[in-house]
Amino acid sequence: MCSQQDEFSLFNKQKTSIDTTCVKCKERISIILVGTSGAYCRACFSEYFTHKFRATIGKNPIIRRNSNVALAFSGGNCSAASLDLLVKGLAMETQKKLRYQIGLLFVDESCLHENPDGSAELTQQVENLMKKSGLPYHTVKLEKVLGMAYCTEKQKIELQQESDENMKMMRTNLQTIFKSIKTLTAKQEILTRIRSRLLSLEAKRLGFGYVITGESNSRLAITTLCSVVFGRDGNSLQQDCSFSDGHRCQIAGGVHILRPMKNTAAKEVVAYNNLHKIPTVFVPNLSTFKEARDSIQTLTEKFVVTLAVNFPATEMTISKTSGKLKGNEEMGTVPTSMCGLCHADLTLTTITRVDEELDDEDDEVVDCVVDGRCRHFKLAQECDQLFNQFCAVLPLNCKQLCYSCTSMLSENLLN
């Protein structure tokens, strides 16, 4: 039998001391404990952090030399650290200089904020940070997504002109749409999807070939668990949390979305910003000042962050697990179409599953689409018109949506 001293206890874990020398150089005093890797000094940590970012890009040779790359900049910790690393990588004295043409792209979500005056001031602060970087930057308003369709076929329709009157109308329509959504969970998920679409399509319009986001390992771990809870399949989950989004946004006529910070924890990002005194701007979002139980995303975030305090490898384990999942192409499954919201692959099996889940066992088998409307979506007429007024932004048809998006929309937009 094992003695009590040999038994594993969650409450008697040995504390790792930071008051030691650096595990790499063995000379300087360490200042930060990095997960299970040990304690690093200032110089070694900066080198470690930079190498991890550069190595992630190098191991996934998707970006071609001399390509135009857009960084999705929000002013937060992750995007600010990504900007600093890219600027240093473009310097002439840098070894293995990055051979990219970098630009910045900021999505202004002030239309969803409760305080428009305060949002304008925060937007100006973010633009000042982008201006100081010396790189070309662009600001696009979130409501512009109502003029961007979910597939290239729909985009052939003539889009509305970007006049002040039309932009004001789209702003009002988007505010009405989000007010009609019942739960904070659905609001956050829809916002994430339409933001990705806007970044991808706007980047292509500006001449960029790729979009880099600052999603850290901690954020991707939360996204992984949320995707499982939402009922997304392995193919969609793998594209949500891997380095590249696959061909998802390209279906809508956009560009690749890449995540070079996927192996970096949020704690490391904050430490890097503090050591190098990188300025950041906090922009409130839909979950600001909300309780943990108000949405699945906030509750999952609290669970992962709390668990990672005593078990630092938690976030990396979750995100790496999602990266091991295989997509439909690797498994030989041929997609028939794409989801109109998340752009996940739709196969015949997926469409059949959606019909079976939405229909009751006693229901007669009838045609799903009647008079051009899906019988599973009994939406308020004003919501239907707002969603599809500008180039059919969102298909309200269960055969053009995955199971997760269909369930979420039907539960939140029904009368």
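A residue is called buried when its relative accessible area is under 20%, exposed when it is over 50%, and partly exposed in between, using a 1.4 Å probe and protein chains only. By that rule, 50% of the 415 residues of the chain count as buried. The model is predicted, so local features need pLDDT of at least 70 and side-chain atom pairs count only at pLDDT 80 or more, while totals for chains, interfaces and linings use all residues. Residues are numbered from 1 along each chain as its sequence is written, and side-chain values use heavy atoms, with hydrogens and water left out.

**Whole chain.** Show the chain as a cartoon. It holds 14 helices and eleven strands; helices (H or I, at least four residues) and strands (E, at least two) are DSSP runs, numbered from the N terminus.

**The sheet.** Select strands 5, 4, 3, 6 and 7. In that order the five strands form an open sheet with parallel pairing; two strands pair if DSSP finds at least two bridges between them. Strand 5 (137-141) and strand 7 (256-258) are at the edges with a single partner strand each, so one side of each has no neighbour in the sheet. On average, neighbouring strands here are turned by 30° against each other, direction ignored.

**Strand 3.** Next select residues 68-72, which make up strand 3. Four of its five residues are buried. Five bridges link strand 3 to strand 4, and V69 stands opposite I102 of strand 4. Towards strand 6 there are three bridges, also parallel, with A70 partnered by V211.

**Strand 4.** Move to residues 101-108, where strand 4 is joined to strand 5 by five bridges. Pick F106 to find its bridge partner T139 in strand 5.

**Helices on the sheet.** Add helix 5, which packs on the sheet and touches strands 3, 4, 5, 6 (210-212) and 7; contact means heavy atoms within 4.5 Å. The direction of helix 5 makes about 140° with that of strand 4; axes are lines fitted to C-alpha atoms, for helices over the stretch in contact, and angles run from 0 to 180 degrees between N-to-C directions. Helix 2 (residues 77-90) lies across strands 3 and 4, at about 150° to strand 3.

**R193.** Finish in helix 5 (residues 184-205) with R193. Is R193 buried or exposed? Its relative accessibility is 11%, so R193 counts as buried. Leaving out residues up to four places away in sequence, R193 touches R232, D240, R248, L341 and C342.
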